[in-house]
Amino acid sequence: MVYVCEVCGYRYDEALGDPDNGIAPGTKWEDIPDDFECPLCGVGKDEFVAE
């Protein structure tokens with residue numbers, strides 16, 4: 001699945017993860033901590049939607 005920040009458009013792809021920000025490839029969205037913030041604009045997980 002891919003999740004997109006509704007504020008800035010940052011895309012989190014579960015298959016790719018986000019190694020630059022410490023999230024390994026294959027990490028499911030639900031396994032990312034609830035205090036996760038968008039690495040581009042700083043909003044929380046609640047501002048992301050499944051694509």
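In the predicted model, Cys38 is buried, with a relative accessible area of 3%. This residue lies in the loop between strand 2 and strand 3, the latter formed by residues 48-50. Leaving aside residues up to four places away in sequence, Cys38 touches Cys5, Cys8, Tyr10, Val43 and Phe48, and two of these partners, Cys5 and Cys8, reappear together with Cys38 in an annotated set of residues. The unreviewed UniProt entry lists Cys5, Cys8, Cys38 and Cys41 under "binding site". Although these four positions span 37 residues in sequence, no two of their C-alpha atoms are more than 8.9 Å apart, so they gather at one spot.

The cysteines of this group that precede strand 2 can be described in turn. Strand 1 comprises residues 2-5 and strand 2 residues 11-13, and Cys8 lies in the loop between them. With a relative accessibility of 35%, Cys8 counts as partly exposed, whereas Cys5, at 2%, counts as buried. When residues up to four places away in sequence are not counted, Cys8 touches Cys38, Leu40 and Cys41, so that the contact between Cys8 and Cys38 is found from the side of either residue.

The arrangement of the sulfur atoms was examined next. The structure holds zero disulfides. Cys5 takes part in no disulfide, and the nearest cysteine sulfur to it, that of Cys41, is 3.7 Å away. Cys8 is likewise in no disulfide, the nearest cysteine sulfur being that of Cys38 at 3.6 Å. Since a disulfide is assigned to a pair of cysteine sulfur atoms within 2.5 Å, the separation of 3.7 Å from Cys5 to the sulfur of Cys41 does not meet the criterion, and neither does the separation of 3.6 Å from Cys8 to that of Cys38.

At the level of the whole chain, the protein has zero helices and three strands, and its elements run β-β-β from the N terminus on. The radius of gyration is 10 Å, close to the 10 Å that the globule rule gives for 51 residues, so the chain is as compact as a globular protein of that length. Along its principal axes, the C-alpha trace spans about 25 × 20 × 15 Å. Buried residues make up 35% of the 51 residues in the chain, and among these are Cys5 and Cys38. Of the contacts with a separation of 6 or more, 38% are accounted for by residues 24 or more positions apart. The accessible surface comes to about 3200 Å², of which 48% belongs to carbon and sulfur atoms.

Charged side chains provide further links within the chain, and the count comes to two salt bridges. In one of them, Arg11 pairs with Glu51, the closest N and O atoms being 2.5 Å apart. Arg11 lies in strand 2 and Glu51 in the segment after strand 3, so this pair ties together parts that are 40 residues apart in sequence. Arg11 counts as partly exposed, with a relative accessibility of 47%, while Glu51 is exposed, with a relative accessible area of 59%. In the other salt bridge, the side chains of Lys28 and Glu14 meet at an N to O distance of 3.8 Å. Both Lys28 and Glu14 lie in the loop between strand 2 and strand 3, so this pair ties together parts that are 14 residues apart in sequence. Lys28 counts as partly exposed at 40% relative accessibility, but Glu14 is buried, with a relative accessible area of 6%.

The surroundings of Arg11 extend beyond its salt-bridge partner. When residues up to four places away in sequence are not counted, Arg11, whose place is in strand 2, touches Val2, Tyr3 and Val4 in addition to Glu51. Given that strand 1 comprises residues 2-5, the contacts with Val2, Tyr3 and Val4 connect Arg11 to that strand. The C-alpha atoms of Arg11 and Ala50, which are 39 residues apart along the chain, are separated by 9.7 Å. Ala50 falls within strand 3, which covers residues 48-50, and the salt bridge from Arg11 to Glu51 reaches the segment that follows this strand.

Key: Residues numbered from 1 in each chain as written. Predicted model: local features only at pLDDT ≥ 70, side-chain atom pairs only at ≥ 80, totals over all residues. Heavy atoms only, no water. Rg over C-alpha atoms; globule rule 2.2 N^0.38 Å. Buried < 20%, exposed > 50% of the residue type's maximum accessible area, 1.4 Å probe, protein only. Contact = heavy atoms within 4.5 Å. Areas by Shrake-Rupley, 256 points an atom, 1.4 Å probe, with all protein chains shown as cover. UniProt positions renumbered as here; feature names shortened; annotations may be inferred. Salt bridge = Lys/Arg side-chain N within 4 Å of Asp/Glu carboxyl O.
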